[in-house]
Amino acid sequence: MSDITNGVRRAHVVEAAPFAESAPNNIKPTPETVAFDAARHLQLEAPAYVKMLVPSVSPGTQHETDRVRFPVPLSASENQDREGANAQCDSTGLPVPFTGLAYSAPFRVLSDEGVEAFRRVVVDNEQFSGCVPSLVPKCIRGLGYRSKFVRDFNYSKPLLNHLSSCAGIGVGPHDMGMNLSQVNFGEIGGGVVNAWHLDSVPFVMVILLSDHRDMEGGELLVARLGDPHKALEMIRADTIDPGMIDRVNYPGAGYAIFMQGSQIAHAVTSVTAARERRLTCVNSYQSLNPFSLNRTVYRTFSTMDGDAPPYEFARHVAWRVRGQLDYLLQKVENGSGGHGEVTEILRDAAAELERARGLVTNTIQDERPYDTDGGAAAEADAAIQNLGTNARATHADRNAVLNAEEGAPVIVEEEEERDPLPVSKL
Ligand SMILES: [Fe+2]
């Protein structure tokens, strides 16, 4: 795919796809009594700062300008040459080029009433929880298919606008409905060993729903390196500058962190003490620019979401390609001036569709296997201990593991060497 399609040079924003009309996996709606009401259930507050991706790093370097102020102007991430696309440096207030969201400081999202209502939904649906073997001891996925409250929360415009102002681009709910939302149950002192990882969706918002008082652990660790795979390597080799690892704590229930989890290596430390088990809601988001690089990893979902992934991923690609063709319809110049762009758009749209067909028919794969049970997992865990933390990720993300027994894929599409660290799921 040409670099013109990575969202930098072709700015276009389209509406998010609506939530799917039908549900996979024989999911039926759970009766509920509370309707989502943004006025009562949201309590949107500005994050104290937004951390940007660090494009390059040398050991020991301090980055004075990776903290910027909220709100970040829209299009700051994907259209750097646009006037006004800079963000404001947190310390000086001066304009700085926005390199993309790493993560936000924790900010309030749900009111007390919103937390209570969401916890009621969780209680009503806990019977449908499952696990992701080797990764997440207990979680609910696809809660939006069961709960209109959760669906409406994911599609709430005020919330989406707020998150867009963290990312510097318009964001919408992720196209694959099983991600809307995932709820994770983190037992005190328990759980499987998870570790540093990257997410399989572009952006996530993780909201704490449980009582944080007296909680020890449950801390988000973020490695702010420009190359997240390099970060994973350095963590594993214990060569990372500890100054490049941020630790972020949730002030309380109803607070969230919004992060570009596909671009920053992160982990969550285990909960060693708390008044109750840790409960988090994870919502997934994507850029509203259909030309943005597609950072959704199909293989992850194909191993954990039952019969949903082929349709959900096809839907995702349908939204993207429709948006790309919408750009052609609306913005490409008629006559010879538009020929080059027409050719590129048609070529890339066709390639994207063909790739999707290959993925859902299991004739290609979009990521190499990870070893979660063997030596790599042990090495990764040891590396984390060497950082002087008890950092075992308890937060499930969408980086699932290839089930080695599954299927017989014949082509590994991406030959780049991936770090064999175990990837965790929330
Ligand atoms: Fe994650």
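Two strands are taken as paired if DSSP finds at least two bridges between them, and in this predicted model that criterion applies to strand β10 (residues 182-186) and strand β16, which run antiparallel and are joined by five bridges. Within that pairing, F185 stands opposite L279 of β16.

**Overall composition and confidence**

The chain contains ten helices and 18 strands, and buried residues make up 48% of its 426 residues. Among contacts between residues at least 6 apart in sequence, 85% join residues that are at least 24 apart. The average pLDDT of the chain is 81, and 77% of the residues score at least 70. Two segments fall outside that picture of confidence: pLDDT stays under 50 over residues 1-8, for which the model has 18 contacts beyond four places in sequence, and also stays under 50 over residues 368-426, for which the model has 166 such contacts. Where pLDDT is low, the predicted coordinates should not be read in detail.

**Strand β16 and its partners**

Strand β16 covers residues 278-287, and because nine of its ten residues are buried, the strand is largely enclosed by the rest of the structure. The pairings of β16 with β9, β10 and β11 are set out below, each with a pair of residues that stand opposite one another.

| Strand paired with β16 | Bridges and direction | Residues opposite |
|---|---|---|
| β9 (residues 171-173) | three bridges, antiparallel | V171 and S287 |
| β10 (residues 182-186) | five bridges, antiparallel | F185 and L279 |
| β11 (residues 203-208) | six bridges, antiparallel | M205 and N283 |

**Strand β12 and the nonpolar core**

Strand β12 spans residues 220-223, with L220 and V222 pointing one way and L221 and A223 pointing the other way, and all of these residues are buried. In a regular strand the side chains alternate between the two faces of the sheet. On one side of the pairing pattern, β12 is joined by four bridges to strand β13 (residues 245-248), and these two strands run antiparallel; the bridge partner of L220 in β13 is V248. Four bridges also join β12 to strand β15 (residues 265-268), again in an antiparallel arrangement, and here the bridge partner of L220 is V268.A223, at the end of β12, also belongs to the largest nonpolar core, which has 86 residues and in which I207, A223, A256 and F258 touch the most other members. The largest share of this core, six residues, comes from strand β11, which is also the strand joined to β16 by six bridges. Leaving aside residues up to four places away in sequence, A223 touches A231, I235, I240, M244, I245, I264 and A265; of these, I245 belongs to β13 (residues 245-248) and A265 to β15 (residues 265-268).

**Helix α8**

Helix α8 runs over residues 309-331, and its 23 residues should span 33 Å at 1.5 Å a residue, which agrees with the 32 Å that separate its end C-alpha atoms. The buried residues of α8 are P309, E312, F313, H316, V317, R320, G323, Q324 and Y327. What covers these buried residues includes α7 (298-302) and α9 (339-360).

Notes. Residues are numbered from 1 along each chain as its sequence is written. This is a predicted model: local features need pLDDT of at least 70, side-chain atom pairs count only at pLDDT 80 or more; totals for chains, interfaces and linings use all residues. A residue is buried if 20 or more other C-beta atoms lie within 10 Å of its own, exposed if 12 or fewer, and partly exposed in between; C-beta atoms are placed from the backbone. A nonpolar core is a set of buried Ala, Val, Leu, Ile, Met, Phe, Trp, Tyr and Cys residues joined through C-beta atoms within 7 Å. Two residues are in contact if their C-beta atoms, placed from the backbone, lie within 7 Å. The expected span of a helix is 1.5 Å times one less than its number of residues. pLDDT is the predictor's confidence in each residue, from 0 to 100.
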